[in-house]
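Here's a walk through how some helices in this model sit against one another, with a stop at a pocket along the way. Keep the viewer open as you read.

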Amino acid sequence: MASAEGLHLTLVFFNAFLSFTAIVLNIITMQALRKTSSLPKTLKTLLLSLAVSDLGVGLLVEPLFVAFLVIEKNSTAYSTVKLARSIPAKILVFASHFGVFALAVDRFLAIQLHLRYQELVTHKRVVAVVISLWVFSASISFRSPRIMRAVIALV
C-alpha cells in the first residue's frame with residue numbers, strides 16, 4: 001500500500017506543478033501577444049483564445065483536480081469537487097481543442113488563399129468564430145459523453 005500512497009502523492013505534486021506552469025506560461029504568452037505588433041490581428045485573436053482556455057485549465061481545472069485527489073472518497077465534499085471540476089474541464093478542453101483546430105484552419109487558409117486571405121479572413125469574422133467555438137464548447141459540455149466523442153471524431 002505504501003507504493004500506491006507514494007504514487008498518489010506524486011500525482012498530486014505533479015498536477016500542482018502543471019497548474020503553476022500553465023498559469024505562468026500562459027500569462028507570459030498573453031503578455032507577448034499584447035506587445036507583439038508583427039502578428040496579424042486575426043492570428044493574435046486565435047492565439048489569445050487558446051491561451052485563455054489553457055490559462056483556465058491552470059487556474060481552475062488543475063487545482064480542482066488536486067483537491068479531488070486529496071479529498072477522501074468517503075468525504076461529503078468528494079462529489080461536489082468532482083462535479084465542480086467536471087463542467088469547467090469539459091468546456092475548457094473543448095475550447096482548447098477547437099482553438100487548435102481553428103488555428104490549423106487559419107494557417108491552411110493563409111497558405112492556400114495567398115492574397116485573398118486578408119480579404120476573406122477578417123478580424124470581425126475571426127472574433128465571431130472564436131465566440132462561436134466557446135459557445136459550442138459550452139453547449140456540448142452539457143451533453144452526453146457519446147455526443148462529445150462523436151463531435152471530437154468529426155474534428
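## Helix 2 against helix 5

Is the crossing of helix 2 and helix 5 left-handed or right-handed? It's right-handed. Bear in mind that this is a predicted model, so everything below describes a prediction.

To find the pair, look for residues 41-70 (helix 2) and residues 123-141 (helix 5). Their axes lie 9 Å apart, and the packing angle is about 20 degrees. An angle under 35 degrees counts as roughly parallel, so helix 2 and helix 5 are roughly parallel to each other.

On the helix 2 side, the touching residues are Lys41, Thr42, Thr45, Leu46, Ser49, Val52 and Ser53. Helix 5 answers with His123, Val126, Val127, Val130 and Trp134. Sorted by class, this contact has 6 nonpolar residues, 5 polar ones and 1 charged one.

## Helix 3 against helix 5

Now swing over to helix 3, which covers 77-113. Its axis and that of helix 5 come within 8 Å, crossing at roughly 140 degrees. That angle makes helix 3 oblique to helix 5. The crossing is right-handed here.

Helix 3 puts Ile87, Lys90, Ile91, Leu92, Phe94, Ala95, Phe98 and Ala102 into this contact. From helix 5 come Leu133, Trp134, Phe136, Ser137, Ala138, Ile140 and Ser141. The class count is 12 nonpolar, 2 polar and 1 charged. Trp134 is worth clicking on: it belongs to the contact with helix 3 and also to the contact with helix 2.

## Helix 2 against helix 3

That leaves the pairing of helix 2 with helix 3. Their axes come within 8 Å and cross at roughly 160 degrees, and that makes helix 2 roughly antiparallel to helix 3. The handedness of this crossing is left-handed. As for the residues in the contact, 21 are nonpolar, 4 are polar and 5 are charged.

While you're on helix 2, find Phe65, which is part of that helix. Its C-alpha atom is separated by 8.0 Å from that of Lys82, a residue 17 places along the chain from Phe65. What does Phe65 touch, leaving aside its neighbours within four places in sequence? The contacts are Asn15 and Arg85.

## The second largest pocket

Which residues line the second largest pocket? The list is Leu46, Ala102, Val105, Asp106, Leu109, Leu120, Val121, Arg125, Val126 and Val129. The volume of this pocket is about 150 Å³.

Helix 3 and helix 5 are the elements that give two or more residues to the lining. The largest share, 4 residues, is from helix 3. By class, the lining has 8 nonpolar residues, 2 charged ones and no polar ones.

Some names here should look familiar. Leu46 and Val126 line the pocket, and both also take part in the contact of helix 2 with helix 5. Ala102 is in the lining too, and it's part of the contact that helix 3 makes with helix 5.

Key: Residues numbered from 1 in each chain as written. Predicted model: local features only at pLDDT ≥ 70, side-chain atom pairs only at ≥ 80, totals over all residues. Heavy atoms only, no water. Axes fitted to C-alpha atoms, helices over the stretch in contact; angles between N-to-C directions. Parallel < 35°, antiparallel > 145°, perpendicular 65-115°, else oblique. Left-handed = near helix turned anticlockwise from the far one by under 90°. Contact = heavy atoms within 4.5 Å. Nonpolar A, V, L, I, M, F, W, Y, C, P; charged D, E, K, R; others polar. 1 Å grid on protein atoms, 1.4 Å probe; cavity = no way out; pocket = protein on both sides within 12 Å on 5 of 7 lines; lining within 4 Å. Points joined across faces, edges and corners; volume = space filled by probe spheres on them.
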